[in-house]
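Subject: The structure you asked about

Hello,

Here is the structure for you to open alongside this message. My notes on what turned up follow just below it.

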Amino acid sequence: MYSRSSEPVRFERDCAVVLVPQGDQVTLPAGSVGYITQALGGSYTVFVEGNLFRIAGRDADAIGKEPPEPLELPEGADDEAVEQLVWRQLRTCFDPEIPINVVELGLVYEATVKHRDDGERMVEVRMTLTAPACGMGDILVDDVRAKLEMIPTVAEADVELVFDPPWNRNMMSEAARLETGML
């Protein structure tokens, strides 16, 4: 949440944002003033007028930040190289309220690189949420999909939200449990 060390920001243009934790999409007008409370994985969580909002990386310029660099793969990269990049990209997806990526939180059950009938690559992901009623669920799924579709040679990402098995804190990495105090 907001603290004295949070970086102040002013919106330089109107910006589509997501209200946290409800998940509602709204627009913050140019001139709005707030504080960055989290800047991870290329997106930003800002505190404005008593509310938290998530700004997608592609809109970083609205608060004077640089959008993420495009992803690169070597020419002729095989499926294994693509899968490694898939997992790297998944580690850039964060819940706007928790400073731990979805992989370390144990939310990603499976990520598989496949080939479609037309020869293009697709990625199939099975993931869950920390709570089934999480208002940010659709936003997290969209974030995962969008970041995977940024990978060169990936034409499609199919992200399935599942709740079996139900998530529990034991699915978190040891580092994530330590970070959250859930040892």
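Let me begin with a sheet of three strands, which is open, has mixed pairing and runs in the order S7-S8-S9. At its edges are strand S7 (108-115) and strand S9 (154-161), each of which pairs on one side only. Ignoring direction, neighbouring strands in this sheet are turned by 15° against each other on average. Please keep in mind throughout that this is a predicted model.

Within that sheet, S7 pairs with strand S8 (residues 121-127) in the antiparallel sense, over seven bridges. If you would like a pair to click on, Thr112 has Glu124 in S8 as its bridge partner. Helix H1 packs on the sheet and touches S7, S8 and S9, and its direction makes about 145° with that of S7. Helix H2 lies across S8 and S9, and it runs at about 160° to S9.

The two helices also meet each other. H1 covers residues 79-90 and H2 covers residues 137-148; they pack at an angle of about 140°, and their axes are 9 Å apart. That angle makes H1 oblique to H2. As for handedness, the crossing of H1 and H2 is right-handed. Which residues make the contact between H1 and H2? From H1 come Val86, Gln89 and Leu90, and from H2 come Val144, Lys147 and Leu148. Sorted by type, the residues of this contact are four nonpolar, one polar and one charged.

While you are in that region, have a look at Ile151, in the loop between H2 and S9. Is Ile151 buried or exposed? Its relative accessible area is 2%, so Ile151 counts as buried. Leaving aside residues up to four places away in sequence, Ile151 touches Leu71, Leu73, Val82, Leu85, Val86 and Gln89. Two of these names may look familiar: Val86 and Gln89 in H1 also take part in the contact with H2. For a distance to check on screen, the C-alpha atoms of Ile151 and Pro68 are separated by 13 Å, with their positions 83 residues apart along the chain.

Now for the other sheet. Six strands form it in the order S1-S4-S5-S6-S2-S3; this sheet is open as well, and its pairing is antiparallel. Strand S1 (7-10) and strand S3 (25-28) are the edge strands, each pairing on one side only. From one strand to the next, the twist averages 45°. As a general reminder, strands of a sheet pair through backbone hydrogen bonds, in either a parallel or an antiparallel way.

Strand S6 (residues 51-55) is a good place to look inside this sheet. S6 is mostly covered, with four of its five residues buried. Strand S2 (residues 15-20) pairs with S6 in the antiparallel sense over three bridges, and Val18 stands opposite Arg54 in S6. Strand S5 (residues 43-48) pairs with S6 too, again in the antiparallel sense, over five bridges. There, Val48 stands opposite Asn51 in S6. S5 and S6 form a hairpin with two residues between the strands, and in this hairpin Glu49 takes a positive phi near 45°.

Finally, there are two residues of strand S4 to point out. Tyr35 lies in S4, which spans residues 33-40. With a relative accessible area of 29%, Tyr35 is partly exposed. The C-alpha atoms of Tyr35 and Arg10 are separated by 8.4 Å, although these residues are 25 residues apart along the chain.

Gln38 is also in strand S4. How does Gln38 sit with respect to the surface, buried or exposed? Gln38 has a relative accessible area of 10%, under the 20% cut-off, and therefore is buried. Its contacts, not counting residues up to four places away in sequence, are Ser43, Tyr44, Thr45, Phe94, Asp95, Pro96, Glu97, Ile98 and Pro99.

If you have time for a quick tour, I would start with the contact of H1 and H2, go on to Ile151 in its loop, and end at the hairpin of S5 and S6.

Best wishes

Terms used:
Residues are numbered from 1 along each chain as its sequence is written. This is a predicted model: local features need pLDDT of at least 70, side-chain atom pairs count only at pLDDT 80 or more; totals for chains, interfaces and linings use all residues. Side-chain values use heavy atoms; hydrogens and water are left out. Axes are lines fitted to C-alpha atoms, for helices over the stretch in contact, and angles run from 0 to 180 degrees between N-to-C directions. Angles under 35 degrees count as roughly parallel, over 145 as roughly antiparallel, 65 to 115 as roughly perpendicular and the rest as oblique. A crossing is left-handed if the near helix is turned anticlockwise from the far one by less than a right angle, and right-handed if clockwise. Contact means heavy atoms within 4.5 Å. Ala, Val, Leu, Ile, Met, Phe, Trp, Tyr, Cys and Pro count as nonpolar, Asp, Glu, Lys and Arg as charged, and the others, Gly among them, as polar. Two strands pair if DSSP finds at least two bridges between them. Buried means under 20% relative accessible area, exposed over 50%, partly exposed in between (1.4 Å probe, protein chains only).
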